[in-house]
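Grab your viewer and a coffee. Here are a few short exercises, each with a solution you can follow click by click.

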There are 4 protein chains.
Amino acid sequence: MNKVILAGRLTRDPEVRYTQSGKAVASFTVAVDRRFGRKNADNNQPTADFIPVVVWEKLAEICGNNLIKGSQVLVEGRLQVRTYDAQDGSKRYVTEVVANEVEFMGSRPQREGGFQQGGFAQGAPAPAAPADNSFGPAIPDEDIPF
Amino acid sequence: MNKVILAGRLTRDPEVRYTQSGKAVASFTVAVDRRFGRKNADNNQPTADFIPVVVWEKLAEICGNNLIKGSQVLVEGRLQVRTYDAQDGSKRYVTEVVANEVEFMGSRPQREGGFQQGGFAQGAPAPAAPADNSFGPAIPDEDIPF
Amino acid sequence: MNKVILAGRLTRDPEVRYTQSGKAVASFTVAVDRRFGRKNADNNQPTADFIPVVVWEKLAEICGNNLIKGSQVLVEGRLQVRTYDAQDGSKRYVTEVVANEVEFMGSRPQREGGFQQGGFAQGAPAPAAPADNSFGPAIPDEDIPF
Amino acid sequence: MNKVILAGRLTRDPEVRYTQSGKAVASFTVAVDRRFGRKNADNNQPTADFIPVVVWEKLAEICGNNLIKGSQVLVEGRLQVRTYDAQDGSKRYVTEVVANEVEFMGSRPQREGGFQQGGFAQGAPAPAAPADNSFGPAIPDEDIPF
DNA sequence: TTTT
DNA sequence: TTTT
């Protein structure tokens, strides 16, 4: 068992890319507020954890089409550590949550254009082209977790 | 909510260190086998995820005293991304699971000296001195998650 | 490990009772919508699961003071099966989630009087008197899960 | 989200039944030990929770073929409350975990005949006929959760 | 780099 | 760097 459950808000709009074979991949970071009391606020500690999340295929497109900066989500997935070689020859690690479920929670930030009222992530059209993967190196086409 | 649940085996004996104020910290990596079918075995993909885990205080000592390479564990905790400055001035990220519960599961590897048959992690004496933190930079003394 | 995580909405206002020794107990039911597709809507199947939740002590009072029918919550707890003897002498089972954490999620139903904007369940005054436990027999005073 | 994760041992051999349309259903109870300290042992409280679990189709057959009384399992599923009318006309509730994943954990009880060493639940032949559903009324044929 |  |  390798299970992660996060509830929080997107720090930015999701970034949707496509692999060479055409699979959609969405990346975003979820800010999870720490419970009051877990850390003393007065000693300059962070008050949130920022967790990189990656979503594949249909769910990626749904997230790209329905989530924006500030959106509240409930994410279920697994922890994955990818490894890659940095330019200086050293080995680097990228840890992220590969989500297999993203629920859209209540209070959603406003923006021009109508978003759906919330609900589960499913069914949606397909957007367009690539971008840069902000969480590390290129994601290989085969790297589909489920 | 920021919750992680892992079931797997230690890739090495746990490493126990102490902060300046005397708090114990144990670090180990849990190998979580991927379900057959999640990845095709034939395309050179990894068959396990290797997840760094950090444990504090009493639970750290219990882990240090009862777990060894190969021990089967069920870990519950939260995902934490620490940030630090590398020697070359760049910013690096260390992601780990901060465990608040470690259950010892069944089949445990043999070793000289008697280990307990299993059970929950609790109650235990205290070992001794530091070492190096294999997962990143020094863990500050205040960084206690609960 | 005995862990339950639910995201849903209260079907009614929470009911707060007190044990003889004065401990608060809140009871409510969480309606968890099933994912579209898990069940075909067209064969008269329910579209939600209704899960009884029980909360103790300080958290019970916070829930009583901040949640109402329709409130969206994220509940973490454990499953508990209590047993009791029915009037006809037969043995009955009551299964409920004993929550140790209740997060208040976004979109909250309106009602006269100001409720807080959301956040984690903690810190709050104490309400008053008993009522009837809608999920089964009297909860014994000692039955505190944590 | 409606998620349950249990680690424990079967109190009896699984019971495998078949619906009219031929779908396999396995039922068993998982005993989950409570953490020491969660309950004082000295006040006659139970030291374990006994949770009814239901498994469908292929996974049901795998469980029927590989698990026995005492088997250690890690179960992931969802909580379901079924309702039915008792003979006396009153309404009764049956709560159970509908498992979608069952991992076989380490130390497994011995019995004549070779069982596999453990691993994930998948792939297996099919056993035979019905029996009585020990956890409540007949499970309708359509009631397949995934 | 960070959300409300 | 990896466990069974």
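The exercises below work on a predicted model.

**Exercise 1.** Find out which residues surround DNA strand F, and which secondary-structure elements supply them.

*Solution.*
Step 1: take a cut-off of 4 Å between heavy atoms. From chain A you pick up Lys91(A) and Tyr93(A). Chain B gives a longer list, including Arg9(B), Thr11(B), Asp33(B), Phe50(B) and Lys69(B).
Step 2: map these onto elements. Strand S6 of chain A and strands S1, S3 and S4 of chain B each supply at least two residues of this surface.
Step 3: sort by character. You get five nonpolar, two polar and five charged residues.

**Exercise 2.** Which parts of DNA strand F do the polar side-chain atoms of Lys91(A), Arg9(B) and Asp33(B) approach?

*Solution.*
Step 1: start with the backbone. Lys91(A) puts a polar side-chain atom 2.8 Å from a phosphate oxygen, while one from Arg9(B) sits 3.5 Å from a sugar or linking oxygen.
Step 2: move to the bases. Here Asp33(B) has a polar side-chain atom 3.1 Å from a base nitrogen.
Step 3: check the overall split. Of the strand F atoms within 4 Å of the protein, 45% belong to sugar or phosphate, and the rest to bases.

**Exercise 3.** Work out how strand S5 of chain B is paired and how many of its residues are buried.

*Solution.*
Step 1: S5(B) runs antiparallel to S1(B), with six bridges; one of the pairs is Val4(B) with Gly77(B).
Step 2: S5(B) is also antiparallel to S6(B), joined by 13 bridges. Val73(B) is partnered with Phe104(B) there.
Step 3: look at the hairpin linking S5(B) and S6(B). Five residues lie between the strands, and Gly89(B) takes a positive phi near 90°.
Step 4: count burial. 10 of the 14 residues of S5(B) are buried.

Technical notes
Residues are numbered from 1 along each chain as its sequence is written. Chains are lettered from A and ligands numbered from 1 in the order in which they are written. This is a predicted model: local features need pLDDT of at least 70, side-chain atom pairs count only at pLDDT 80 or more; totals for chains, interfaces and linings use all residues. Side-chain values use heavy atoms; hydrogens and water are left out. A polar contact is a pair of N or O atoms within 3.5 Å; within protein, one must be able to donate a hydrogen and the other to accept it, and residues adjacent in sequence count only if both atoms are side-chain atoms. Helices (H or I, at least four residues) and strands (E, at least two) are DSSP runs, numbered from the N terminus. Ala, Val, Leu, Ile, Met, Phe, Trp, Tyr, Cys and Pro count as nonpolar, Asp, Glu, Lys and Arg as charged, and the others, Gly among them, as polar. Buried means under 20% relative accessible area, exposed over 50%, partly exposed in between (1.4 Å probe, protein chains only). Two strands pair if DSSP finds at least two bridges between them.
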